[in-house]
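Hi everyone, thanks for coming. I'd like to walk you through a structure you probably haven't met yet, so have a look at it while I talk.

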Amino acid sequence: MKSESISPLQASELIAQGAVLIDIRERADYLREHIPEAVSLPLSDITAGKCVDNAGSRPVIFHCQAGMRTTSNADALIKAATSENVFLMSGGINAWKSASFPTVEDKKQPLPVIRQVHITAGSLVLLGVVSGYTLDSRLFLLSGVIGAGLIFSGVTGFCGMATLLQKMPWNRTAK
């Protein structure tokens, strides 16, 4: 089996004909905003061995935020699809929205953790620079520590700040 890349317009037409749309982003991202017909099945669950339920012989379409995760994990998605017709929606939900198709949005849900990391890291770097200039030059070290943490995160794939932010009360979800 192999997958085929399709546009949001083609995906919309297949969904109207009964295709199953699978959102492989993490559950928090799905809860914040998703395509109305999409079913949440995070990539982390797929790589842990979970398969698409109830697709039968219907086509299965996978999508993520911008298309990179679906493309780079195509083999795992094909295996999880349990269908002969597997499609990857190019551009993900971003392309879906650019094509003026509707989404379901719940702004009461927390921002995606990666955006929280960007906001927190950027704020701490700015705080370190401003404090270094106005209070004590040793406070520039705060910016250096955050920069080192971001480099470590990029090299290893482990982000301690994201791990910490996921434990914050606003990011806890009822199971």
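**The sheet and its middle**

Okay, so let's start with the sheet: five strands make an open sheet, and if you read across it the order is β1-β6-β5-β2-β4, with parallel pairing. At the edges you'll find β1, residues 3-6, and β4, residues 39-40, each of which pairs on one side only. Keep in mind that what we're looking at is a predicted model.

Now, let me zoom in on β5, residues 60-63. Which strands does β5 sit between in that order? It has β6 on one side and β2 on the other. Taking β2 first, that's residues 20-23, and four bridges join it to β5, with the two running parallel. One pair to look for there: I22 has F62 in β5 as its bridge partner. Over on the other side, β6 covers residues 86-89, and its parallel pairing with β5 goes over three bridges. There, I61 is bridged to F87 in β6, and F62 stands opposite L88.

So are the residues of β5 buried or exposed? They're buried on both faces: V60 and F62 point to one side, I61 and H63 to the other, and both sides are covered. That fits a general pattern, by the way: in a regular strand, side chains alternate between the two faces of the sheet.

What about the helices? Helix α1, residues 8-16, lies across β1, β2, β5 and β6, and runs at about 110° to β1. Then there's helix α5, residues 74-81, lying across β1, β5 and β6 at about 135° to β6. If you rotate the view, you can see that β5 is on both of those lists.

Last topic, the cysteines. How many disulfides turn up in a search of the whole structure? Zero. Take C51, which is in no disulfide: the nearest cysteine sulfur belongs to C64, and that's 19 Å away. C51 counts as partly exposed, because its relative accessibility is 31%. And why is there no bond for C159? Because its closest cysteine sulfur, again in C64, is 20 Å off, which is too far. C159 is buried, at 18% relative accessible area.

That's my tour, so over to you for questions.

Note on methods:
Residues are numbered from 1 along each chain as its sequence is written. This is a predicted model: local features need pLDDT of at least 70, side-chain atom pairs count only at pLDDT 80 or more; totals for chains, interfaces and linings use all residues. Side-chain values use heavy atoms; hydrogens and water are left out. Buried means under 20% relative accessible area, exposed over 50%, partly exposed in between (1.4 Å probe, protein chains only). Two strands pair if DSSP finds at least two bridges between them. A disulfide is a pair of cysteine sulfur atoms within 2.5 Å. Contact means heavy atoms within 4.5 Å. Axes are lines fitted to C-alpha atoms, for helices over the stretch in contact, and angles run from 0 to 180 degrees between N-to-C directions.
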